[in-house]
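Grab a pencil and get the viewer ready. Here come a few exercises, each with a worked solution.

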Protein chains: 2
Amino acid sequence: MKNNGLLIVFSGPSGAGKDTILKHLLERNENIKLSVSATTRAPRQGEIDGKDYHFIDRAQFDAMEKNDEMLESAEYCGNCYGTPSKPIENWISAGNDVILEIEVQGASQIKSKCPDCVSIFVLPPSLKVLEQRLRDRKTESEEAIQKRLSIARKEISEGNHYDYVVINDTVDNAVDDIIHIICAEKHKVHRDTNLLEGVLNHA
Amino acid sequence: MKNNGLLIVFSGPSGAGKDTILKHLLERNENIKLSVSATTRAPRQGEIDGKDYHFIDRAQFDAMEKNDEMLESAEYCGNCYGTPSKPIENWISAGNDVILEIEVQGASQIKSKCPDCVSIFVLPPSLKVLEQRLRDRKTESEEAIQKRLSIARKEISEGNHYDYVVINDTVDNAVDDIIHIICAEKHKVHRDTNLLEGVLNHA
């Protein structure tokens, strides 16, 4: 009997190291798949359709929303962003775990639609460390850094809506923690009501 | 800041391999402590006071119950058995995780007194394997084995009152699973409400 995979919602403030953690996590466990968002905005230089985003037009986006094929959606600066539900459903019934990297508001939409999902919030060890990481990128102005820190402060305080918090002190530790959380969740009694009967009836 | 340890309730049918799993678990993680029950029954050959049981007399047992110093208690064949709460409280505030190996009824008493405890039910891969393990012990009559199997059948069906189920296919796998469950539980947001503030305020 093949068990369903988990839907994992993954959020955290900018600079917490989400992308690096996900890269290592996917390398370490090929059963885990990463959900790709759909957007109506034009691809940027170097972005690949189906990898960075599914680039679709407004009519396609509206049709998917109408057919309830988006798990969540939002509009920023005139462009639509959304999470197509079909690929996720297919992976999960095939036993794959699916990770959705998503901001706090989208995460809350997913949690109400899929209460069985596992939500993980990743944090830097401290705001000081976060500030240093943003400075080390050397890509942003002082003003941009201060703005990101102010947003991060707000986002961190929303972490208590998540099931788990993982501190990214080192990438390896954070990836280990997430792998342990996934393992533990698969042993929850309520996720596998056939397990006990299986033991009782298995020859 | 030192976090509190976890209280872990550990049950499973006879022959599931609980003792072997606990032995390996305690060897692999010295932060985990094993609760020792108190009993009014006389020590058997080879049993050590404070290790196998705290052997106390009826007056001591009654006094502890009266002072609310037993987390749970039960009487079998005229002897009292109980779980002293003080050592557990001390370990948990020192940051140790404490395992309580206990049968299903006792586990349910603990869960109502300490809703924050983590309950784990260990199972053999199948009743067939359980039967083979009981036979391999070569210590019991056919009648005794049949009686144990019948009790096991009843106990297995009560597993759905637990938080987690772990299948003891190999001891190493079962111990890994329990270690992952403990790790995951420590990352639950509701267990550490100071965590987010710590990240916000830590210099």
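**Exercise 1.** Leaving aside neighbours within four places in sequence, find which residues Phe121(A) is in contact with.

Solution. Start with the rule: two residues are in contact if their C-beta atoms, placed from the backbone, lie within 7 Å. Then skip the neighbours within four places in sequence, and Phe121(A) is in contact with Ser11(A), Gly12(A), Gly159(A), Tyr162(A) and Val165(A). Before going on, note that this is a predicted model, where local features need pLDDT of at least 70, side-chain atom pairs count only at pLDDT 80 or more, and totals for chains, interfaces and linings use all residues. Residues are numbered from 1 along each chain as its sequence is written, while chains are lettered from A and ligands numbered from 1 in the order in which they are written.

**Exercise 2.** Work out whether Phe121(A) is buried or exposed, and do likewise for Gln146(A).

Solution. Count C-beta atoms, placed from the backbone: a residue is buried if 20 or more others lie within 10 Å of its own, exposed if 12 or fewer, and partly exposed in between. Phe121(A) has 28 other C-beta atoms within 10 Å, so it is buried. This residue is found in strand S8 of chain A. Gln146(A) has 13 C-beta neighbours inside 10 Å and therefore counts as partly exposed; look for it in helix H6 (residues 142–156) of chain A. The helices (H or I, at least four residues) and strands (E, at least two) are DSSP runs, numbered from the N terminus.

Now add two distances. The C-alpha atoms of Phe121(A) and Ile178(A) are 10 Å apart, with their places 57 residues apart along the chain. For Gln146(A) and Leu25(A), 121 residues apart along the chain, the C-alpha separation is 30 Å.

**Exercise 3.** Trace the five-strand open sheet of chain A and say which strands stand at its edges.

Solution. Strands pair if DSSP finds at least two bridges between them. Follow the order S2-S7-S1-S8-S9 in chain A, where the pairing is parallel. Strand S2 (32–34) and strand S9 (164–167) of chain A each have a single partner strand, so one side of each is left without a neighbour in the sheet. On average, neighbouring strands of this sheet are turned by 30° against each other, direction ignored; axes are lines fitted to C-alpha atoms, for helices over the stretch in contact, and angles run from 0 to 180 degrees between N-to-C directions.

Zoom in on one pair: strand S8 (residues 118–123) of chain A and S9(A) are joined in the parallel sense over four bridges. There, Ile120(A) stands opposite Tyr164(A) in S9(A).

Next, add the helices. Helix H1 (residues 18–28) of chain A packs on the sheet and touches strand S1 (7–11), S2, strand S7 (97–101) and S8 of chain A, with its direction at about 140° to that of S2(A). Helix H3 (residues 85–93) of chain A also packs on the sheet, touching S1, S2 and S7 of chain A, and its direction makes about 150° with that of S7(A).

**Exercise 4.** Find the hairpin that S5(B) and S6(B) form, and say how many residues lie between them.

Solution. Strand S5 (residues 70–76) and strand S6 (residues 79–84) of chain B run antiparallel and are joined by five bridges. Glu75(B) has Cys80(B) as its bridge partner in S6(B). Two residues lie between the strands, and Cys77(B) in the turn has a positive phi of about 50°.

**Exercise 5.** How is chain B laid on chain A, and how many residues of chain B are in contact with chain A?

Solution. Superpose by least squares on the C-alpha atoms of residues with pLDDT of at least 70 in both copies. A turn of 180° and a shift of 0.0 Å along the axis lay chain B on chain A with an RMSD of 0.1 Å. That is the relation of a two-fold axis. His180(B) is the residue of chain B that comes closest to the rotation axis, at 2.4 Å (C-alpha).

Now the contacts: 29 residues of chain B are in contact with 29 residues of chain A. On the side of chain B that touches chain A, the largest share, five residues, comes from H7(B). Of the interface residues of chain B, 100% are also interface residues in chain A, so the copies meet through the same surface.
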